[in-house]
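I opened this notebook to keep track of what I looked up in one structure. The entries follow the order in which I went through it.

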Amino acid sequence: MYLSNYHSHSLFCDGRSTPEDFVKFALSAGFKSFGFSSHSPLPFETNWNMSAADLPVYLEHTAYLKEKYKDRIELYTSLEIDYLDNTYNPSIPYFQEMPLDYRIGSVHFIPVAEELIEVNMVSIDGPFEDFERAVKVHFGGDVKRLVKRYYESSMDMIERGGIDIVGHMDKIYMNGHRCDGFSLEEDWYVNHVKNYIHLIAEKGLMIEINTKNVTRKQHTYPHKQFFSLIRELDIPVMVNSDCHFPNLVNDGREEAFRLLKDHGFTSTRELINGNWTDVPF
Ligand SMILES: [Zn+2]
Ligand SMILES: [Zn+2]
């Protein structure tokens with residue numbers, strides 16, 4: 001098992017420690033590669049995202065750490081870039097012109113009005129109470145309508161491109177499955193995910209196995225029921241902990257590798273000397 005993590009947060013966004021603290025933990029756990037991926041700047045400020053004004057410092061600081069630790073661990077600079085709509089997403093020149101080693105694309109927000117301001121955003125990744133209220137207020141109490149919007153945004157993100165890794169691809173089920181009318185097994189839901197996975201395969205992107213909620217909620221994103229299809233379509237995967245605390249750098253990894261093995265995966269795709277490479281496990 002190659003020890004790596006390409007999805008992490010630090011004080012530049014909503015992570016709880018300095019980038020260097022994460023590197024130190026990764027080193028102590030024997031990691032070979034580690035990527036910084038703060039939440040991207042948005043057209044509005046949030047408690048989670050990096051401010052646009054901090055971006056130059058982020059690039060400079062992570063470059064400094066790369067150099068400082070170059071003999072001990074491979075460090076990479078990335079962003080977890082939000083898809084908001086067809087005007088603000090990973091494919092726009094602002095993100096494409098940034099000197100990043102790779103890009104993660106994620107959907108956290110569903111806009112409910114045209115103007116891209118925080119009050120017009122439904123967060124799919126926050127507390128359940130907020131999610132439940134948003135379903136009531138903006139989607140007529142029908143969680144299926146929000147789920148449909150989530151996968152429409154996700155599909156459009158893939159169509160527009162500009163990313164390497166699809167972040168926590170079905171995170172909508174974290175809060176969604178607690179709402180009446182949601183089902184992980186029914187066709188209406190499974191078909192959304194299957195279509196999404198087929199599109200990801202067609203575009204040749206990688207899917208992360210996100211372990212952020214493995215210990216707390218026994219969730220992987222994607223849900224394990226979709227591992228077989230991902231394998232069947234030969235989509236490259238890697239295991240990422242999406243850590244916000246240094247001691248969670250390695251959280252959930254063993255369980256994720258066990259699931260991958262059970263579903264017939266034999267390798268993960270890893271960034272080695274700057275090249276994505278299949279590494280058998
Ligand atoms: Zn995320
Ligand atoms: Zn993240």
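The entries below cover the metal sites, the cysteines, the empty spaces and some backbone details.

**Entry 1: what kind of model**

I noted at the outset that this is a predicted model.

**Entry 2: zinc ion (ligand 1)**

I began with the zinc ion (ligand 1) and asked which residues coordinate it. I found Glu80 (OE), His108 (NE2) and His168 (NE2), at 2.1 Å. I wrote the sequence spacing of these donor residues as E-x27-H-x59-H. I then placed two of the donors: Glu80 is in strand β3, and His108 is in the loop between β4 (102–106) and β5 (109–111), so this pair ties together parts 28 residues apart in sequence. Both Glu80 and His108 are buried.

**Entry 3: His168**

I next looked up the donor His168, which sits in the loop between β7 (165–166) and α6 (172–176). Is His168 buried or exposed? I entered it as buried, because its relative accessible area is 1% and the cut-off for buried is under 20%. I listed its contacts too, leaving aside neighbours within four places in sequence. Among them are His7, Glu80, His108 and Asp242. Ser106, Val107, Tyr150, Glu208, Asn210 and Tyr221 are also in contact with His168.

**Entry 4: zinc ion (ligand 2)**

I moved on to the zinc ion (ligand 2). Its protein donors are His7 (NE2), His9 (NE2), Glu80 (OE) and Asp242 (OD), and they lie 2.0 to 2.3 Å from the ion. I wrote their spacing in sequence as H-x1-H-x70-E-x161-D. What is the geometry of this site? The angles among the four donor atoms run from 81 to 169°, and I recorded the site as irregular. For reference, I noted that four tetrahedral donors have an ideal angle of 109.5 degrees.

I checked the two histidines for burial. His7 has 0% relative accessibility and therefore counts as buried. His9 is buried as well, with a relative accessible area of 1%.

**Entry 5: how the two zinc ions are linked**

I wanted to know which residue bridges the two zinc ions. It is Glu80, and the zinc ion (ligand 1) and the zinc ion (ligand 2) lie 3.3 Å apart.

**Entry 6: cysteines**

I searched for disulfides and counted zero. Cys243 is in no disulfide, and the nearest cysteine sulfur, that of Cys13, is 10 Å away. I added that a disulfide is a covalent bond between the sulfur atoms of two cysteines. Cys243 is buried, with a relative accessible area of 1%. Cys179 has 12% relative accessibility, so I entered it as buried.

**Entry 7: the largest pocket**

I looked up the largest pocket and found about 640 Å³ of space in it. Its lining is made of 33 residues, and those nearest its centre are Asp14, Asp125, Lys212, Arg216 and His244. The elements that give two or more residues to this lining are β3 (74–82), α6 and α8 (214–217). Which element gives the largest share of the lining? It is α8, with three residues.

**Entry 8: the cavity**

I counted one cavity of 30 Å³ or more. The volume of the largest cavity is about 30 Å³. Its lining consists of Ser8, His9, Ser10, Pro19, Phe22, Phe36, Ser37, Ser38 and Tyr58. I had already met His9 as a donor of the zinc ion (ligand 2). α1 (19–28) and β2 (33–39) each supply at least two lining residues, and β2 gives the most, with three.

**Entry 9: backbone details**

I found a cis peptide bond between Tyr221 and Pro222, with omega of about 5°. Pro222 is in the loop between α8 and α9 (227–232). Tyr221 had come up before, in the contact list of His168.

I then noted residues that have a positive phi although they are not glycines. Gln218 has a phi of about 55° and lies in the loop between α8 and α9. Is Gln218 buried or exposed? It counts as exposed, because its relative accessibility is 62% and the cut-off for exposed is over 50%. Asp234 has a positive phi of about 60°, and its place is in the loop between α9 and β9 (237–240). At 58% relative accessibility, Asp234 also counts as exposed.

Technical notes
Residues are numbered from 1 along each chain as its sequence is written. Chains are lettered from A and ligands numbered from 1 in the order in which they are written. This is a predicted model: local features need pLDDT of at least 70, side-chain atom pairs count only at pLDDT 80 or more; totals for chains, interfaces and linings use all residues. Side-chain values use heavy atoms; hydrogens and water are left out. Donors are N, O and S atoms within 2.8 Å of the metal (3.2 Å for Na, K and Ca); water is not among the atoms, so sites may look incomplete. Four donors count as tetrahedral if all angles lie between 85 and 135 degrees; four count as square planar and six as octahedral if opposite donors are over 155 degrees apart and all others between 65 and 115; anything else is irregular. Buried means under 20% relative accessible area, exposed over 50%, partly exposed in between (1.4 Å probe, protein chains only). Helices (H or I, at least four residues) and strands (E, at least two) are DSSP runs, numbered from the N terminus. Contact means heavy atoms within 4.5 Å. A disulfide is a pair of cysteine sulfur atoms within 2.5 Å. On a 1 Å grid over the protein atoms alone, a cavity is a set of points where a 1.4 Å probe fits but cannot get out, and a pocket is an open set with protein on both sides within 12 Å along at least five of seven lines; lining residues have an atom within 4 Å of a point. Grid points are joined across faces, edges and corners, and a volume is the space filled by probe spheres set on the points.
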